[in-house]
Amino acid sequence: MTPSAKPPVNIKPASGKLGILTPGLGAVATTFIAGVESIRRGQSKPVGSLTQMATIRLGKRTDNRAPLIKDFVPLTKLEDIVFGAWDPIPDDAYTAAKKAGVLEPQHLEPLKDFLSQIKPMPAVFDQKYVTRLVGTNVKTGKNKRDLAEQLRQDIRDFKKASGCERVVAVWCGSTEIFIKPSAVHQSLAAFEAAMEADHEDIAPSMLYAWACIMEDVPYNNGAPNLAVDTPALLELANARGVPVSGKDFKTGQTWMKTIIAPGLKARMLGLAGWYSTNILGNRDGEVLDDPASFKTKEESKLSVLHTILQPEKYPDLYKDFSHVVRINYYPPRGDNKEGWDNIDIVGWMGYPMQIKVNFLCRDSILAAPIVLDLALFSDFAHRAGMKGIQEWLSFYYKSPMAAAGLEPEHDLFIQQTKLKNTLRHLMGEDQITHLGLEYYA
Ligand SMILES: NC(=O)c1ccc[n+]([C@@H]2O[C@H](COP(=O)([O-])OP(=O)(O)OC[C@H]3O[C@@H](n4cnc5c(N)ncnc54)[C@H](O)[C@@H]3O)[C@@H](O)[C@H]2O)c1
């Protein structure tokens, strides 16, 4: 610790096992679980995970202190993780991974014994909210509150059966239809009354969020669903001292946007339009083929450029740029998405230029390390006494949650600085400002 740094906050140790529960045991969740087990067996490296691979600079550049984040911050070790899930499709993790087709047999088959043991608990699911799916492994109850109480019982049973000390949740379930915040989301009292009354604005993802917070389980939202991003559930999270984060993993095209757009803005280059289109053929693509689910995704994807480029502040550069996002369900591609971006930019004296990006990515391969980091960081945040929205985890999301009245931060590099500075702050180290004048005094 440098002399000007504050003492670290009181952080409970990462003792015992950590349970990671995923509502949804599809492509992302199974790729995540398989990957963690493969790493534990020494067969893979945790590529793409900050918690496992990134270093963090501490103090002055001349101090030469740059430990791995996992050696600096008390995170749960991979060996201490246990997995559980809910899914309306009864396939165990091996069968689900095989169907998802992300991992090749040479990686999947050696993990068969391990993955076959992970069987999804019956889900709270209603086809009304994910129209393209048919679920058979589904709970029944007298109303939505009753269903949410059953989820709470599942969490308690899972904790007992797996012997874990703490639990976190990362939503890896499907994208639900678009729901606008309404009166039932404005306060906890209204939300709970609406659960009893089976109100249609209460989607399954919200019931998971409520149940998790009630059980002191940090809830991280990998889909664009409203879920925990309502005044009602934030009230509950703050009251119970539970961290929450969301929304929508930032993996392919949007991740690229949050790299390129800050670059254009940094150089004060204009934007006339950005056209993004994708083909993908996994189950997520099928769900997003429904216009109501796509609307939820579209809202999440469209907000990024406006927030980064701030057209109201820079009308000469960014007023009225055109932004189009398309997702096309194309089965032959499976999880191996292909995205094309055409970016019409404007330079000196108004001369037009174009940037083309052709990204052949693997959606779940990009998302899996995000699930791991969110699980480990949100558990750490909980042990450090953090609660409510974890803005420092915006780095991982397309549509980051922010306090009421605050613009979310979308710029990937500001998000990264925020993340690392939060770790430094919690551990009692100096913030890094990059001023650097001290080296030239
Ligand atoms: N892969 C990525 O790059 C990426 C990026 C951003 C967001 N996401 C989001 O992550 C989520 C998972 O993606 P995926 O590719 O694994 O999709 P997937 O379709 O393979 O898996 C989703 C699973 O969720 C289950 N599910 C649906 N409703 C549920 C409910 N109410 N409770 C529990 N389970 C439920 C489905 O049965 C399915 O098995 C999607 O919402 C997707 O939009 C993925």
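Okay, so D216: where does that residue sit? It's in the loop between α9 and β4, the strand at 219-221. What caught my eye there is the backbone, because D216 isn't a glycine and still has a positive phi, about 60°. For context, most residues other than glycine have a negative phi, and most peptide bonds are trans. And keep in mind that this is a predicted model.

That second point takes us to another spot. The peptide bond from G246 to K247 is cis, with omega near -5°. K247 belongs to the loop that runs between β5 and α11, the helix at 253-266. Strand β5 itself covers residues 243-246, and we'll meet that strand again when we get to the cavities.

Now, the ligand. How many residues surround the ligand? We get 30, and the closest are V28, D87, G173, T251 and R283. By class, that shell splits into 16 nonpolar, 7 polar and 7 charged residues. On the helix side, α1 (27-40), α9 (204-214), α12 (283-288) and α15 (363-383) each put in at least two shell residues.

Let me go through some polar contacts. D87 has a side-chain N or O atom 2.6 Å from an oxygen of the ligand. Then there's Y208, with a polar side-chain atom 2.8 Å from a ligand nitrogen. With D363 the backbone does the job: a polar backbone atom there is 3.2 Å from a ligand oxygen. As for burial, the ligand taken alone exposes 840 Å², and the protein buries 98% of that.

So why do we say the ligand lies between the two domains? Because domain 1 (17-249 + 365-426) and domain 2 (253-360) both give residues to the shell around the ligand.

Next, pockets. I'd like to show you the second largest one, which has a volume of about 530 Å³. It's lined by 23 residues, and T31, G35, S44, L103 and I365 are the closest to its centre. You'll recognise the helices here: α1 and α15 each supply at least two residues of this pocket's lining. The largest share comes from α1, with 7 residues. By class, the lining of this second largest pocket has 13 nonpolar, 7 polar and 3 charged residues.

Last stop, the cavities. Searching the whole structure for anything of 30 Å³ or more turns up 2. The largest has a volume of about 40 Å³. Which residues line the largest cavity? They are V244, S245, G246, I389, Q390, E391, L393, S394, Y397, P400 and M401. And here's β5 again: that strand gives the most to the lining of the largest cavity, 3 residues. Note G246 in that list, the residue that starts the cis peptide bond to K247. In terms of class, the largest cavity's lining has 6 nonpolar, 4 polar and 1 charged residues.

The second largest cavity comes in at about 30 Å³. Its lining is L25, D87, I89, D91, A96 and R283. Two of those names should ring a bell: D87 and R283 line this cavity, and they're also among the closest residues to the ligand. The class split for the second largest cavity is 3 nonpolar, no polar and 3 charged residues.

If you open the model after this, I'd start with D87, whose side chain makes that 2.6 Å approach to a ligand oxygen, and then look over at the second largest cavity, since D87 is in that lining too.

Technical notes
Residues numbered from 1 in each chain as written. Predicted model: local features only at pLDDT ≥ 70, side-chain atom pairs only at ≥ 80, totals over all residues. Heavy atoms only, no water. 1 Å grid on protein atoms, 1.4 Å probe; cavity = no way out; pocket = protein on both sides within 12 Å on 5 of 7 lines; lining within 4 Å. Points joined across faces, edges and corners; volume = space filled by probe spheres on them. Helix = DSSP H or I, 4+ residues; strand = E, 2+ residues; numbered from the N terminus. Nonpolar A, V, L, I, M, F, W, Y, C, P; charged D, E, K, R; others polar. Near = heavy atom within 4 Å. Polar contact = N/O pair within 3.5 Å; in protein donor to acceptor, adjacent residues only side chain to side chain. Areas by Shrake-Rupley, 256 points an atom, 1.4 Å probe, with all protein chains shown as cover. Domains from an automatic or database assignment.
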